[in-house]
Amino acid sequence: MASNEIGKGARAFVVLASVAIVAGAIKLAAAFIAPLLVACCIAIAVQPIFRRVHTSRIPDVGAIVISLLVVIGLLAVVGGLLVVALANLSGSAAQYVASLHQVQVQATLWLEAHHQHALAQSLYGSRIDTLLQEATTSVMLGVPAVLSTLLTVLLLIVFMLLEVTSLPKRFRAALGWSTTTFSDFSRTMSEIQRYLSVKTATSAGTGLCAGLWCAACGVPNPALWGLVTFALHYIPTVGSLVAAMPPVLIALSTFGVGRALMVAEGLAVASTVIGNIIEPNALGRSLSVSPLIVLLSMFAWGWLLGPIGALLSVPLTLIAKIVLWNTNDLHWVAVLLGPTPPASSRNSDVSPATRDSLLPASRAGQVASTKTPREAM
């Protein structure tokens, strides 16, 4: 009994040490790993398109070109809308700065009237125009890096799609995968694809609702706020809050407190209904993680990979959970990450003979001893 407990403790310690080593390596190689992870997520998401085109007797090159055209078309639509929205925003930036400065002065006077002199001086000392100018400069300086990363991602997607048909077979031959392991790998890929498709659909729905609600409330540049909401919906917990702040502030500076509260309420309702009701029901219990793990994963991946890590924190954590769930030695880690399917459903599609052949000798003997004489024959 004691030896088993010591063995479990040592195994947990080894796992934690391995995680720390891998995290340090990811932190050092973040500039290379971040585009690679983005490319992996996109390649997994477009793999069904590639397979469907490939089964239509179209060569691999043609299937890759069609898949890339789909990805590039979506990126072009999103990029075009973003450029137009940013152009409109830059034209109205001076007006927004003046309105926000007026709100800042009124808030300072209110704090002074209520004897909050320290807060009033701190608020009045903050320069909103300087902050906006610095943010605009950083965005403009980051455009070349974003374009270079985008080209790298597209190139990685091409080579990943070239390996789609042969890579699983090579894994099976090189690593000696059994039929059960190979089926687990296929199920893992399908679950990841389902999550990415559902998450993208719900993010698009949230962004569409946010853009339409901003347009209905008269907030300028509703397309921009819809795109921001679409992107930040991938970030758990704080993503929707951060996405709602700019349109609420603009409504506050332009129309007053009443309109700002109306904008905030509409965005909160859309985010709550889609994020807490529709999305969990569409994903199911097997594709969920603990809320605490979601929050911790956002900070962990954000620290390791920067904004891209925070944006992909839930997809990456869920992919890790699915892989761990389908790995015998690390199955217990997946259980700790959150709700999981019943243990009996893991190998439900495997025949009893195959399942018994994969069990350890002691476990197989226990299973065999529980069978009736008729079942044993």
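**Exercise 1. How many aromatic pairs does the structure hold?** Find the pair and describe its geometry.

*Solution.* Keep in mind as you work that this is a predicted model.

Step 1. The search gives 1 aromatic pair.

Step 2. Its partners are Phe-230 and Tyr-234, with ring centres 6.0 Å apart and planes at 80°. Planes over 60 degrees apart count as edge-to-face, and that is the class of the Phe-230 and Tyr-234 pair.

Step 3. Now look at the exposure of each partner. Phe-230 has 23% relative accessibility and therefore counts as partly exposed. Tyr-234, at 13%, counts as buried.

**Exercise 2. Take the largest nonpolar core and work out which elements build it.**

*Solution.* Step 1. Start with the members: this core has 14 residues, and those touching the most other members are Cys-214, Val-219, Trp-225, Ala-251, Val-263 and Leu-267.

Step 2. Next, assign the elements. Two or more residues each come from α8 (179-216), α9 (222-232), α10 (239-254) and α11 (257-283). The top contributor is α10, which gives 4 residues.

Step 3. Zoom in on Ala-251. Leaving aside residues up to four places away in sequence, Ala-251 touches Val-219, Gly-256, Arg-259, Ala-260 and Val-263.

Step 4. Finally, look elsewhere in the model: another core lies apart from this one, with 13 residues that include Ala-39, Phe-50, Ile-64 and Leu-154.

**Exercise 3. Decide whether Thr-206 is buried or exposed, and list its contacts.**

*Solution.* Step 1. Locate the residue: Thr-206 belongs to helix α8.

Step 2. Compare its accessibility with the cut-off. Buried means under 20%; Thr-206 is at 3%, so this residue counts as buried.

Step 3. List the neighbours, again leaving out residues up to four places away in sequence: Thr-206 touches Thr-229, His-233, Ser-271 and Ile-274.

**Exercise 4. Find the ring whose face lies under Arg-259.**

*Solution.* The ring is that of Phe-255: Arg-259 lies over its face, at 4.4 Å from the ring centre.

**Exercise 5. Check the cysteines for disulfides, taking Cys-41 as your test case.**

*Solution.* Step 1. Across the whole structure, the search finds 0 disulfides.

Step 2. For Cys-41, the nearest cysteine sulfur is that of Cys-40, 6.9 Å away. A disulfide needs the sulfur atoms within 2.5 Å, and Cys-41 is in none.

Step 3. Add the exposure. Cys-41, at 9% relative accessibility, counts as buried, whereas Cys-209, at 36%, counts as partly exposed.

How values were computed:
Residues are numbered from 1 along each chain as its sequence is written. This is a predicted model: local features need pLDDT of at least 70, side-chain atom pairs count only at pLDDT 80 or more; totals for chains, interfaces and linings use all residues. Side-chain values use heavy atoms; hydrogens and water are left out. A nonpolar core is a set of buried Ala, Val, Leu, Ile, Met, Phe, Trp, Tyr and Cys residues joined through side-chain atoms within 4.5 Å. Buried means under 20% relative accessible area, exposed over 50%, partly exposed in between (1.4 Å probe, protein chains only). Contact means heavy atoms within 4.5 Å. Rings of Phe, Tyr and Trp (its six-membered ring) pair if their centres lie within 6.5 Å; planes under 30 degrees apart count as stacked, over 60 as edge-to-face and the rest as tilted. A charge sits over a ring if NZ of Lys or CZ of Arg is within 6 Å of the ring centre and within 35 degrees of the ring normal.
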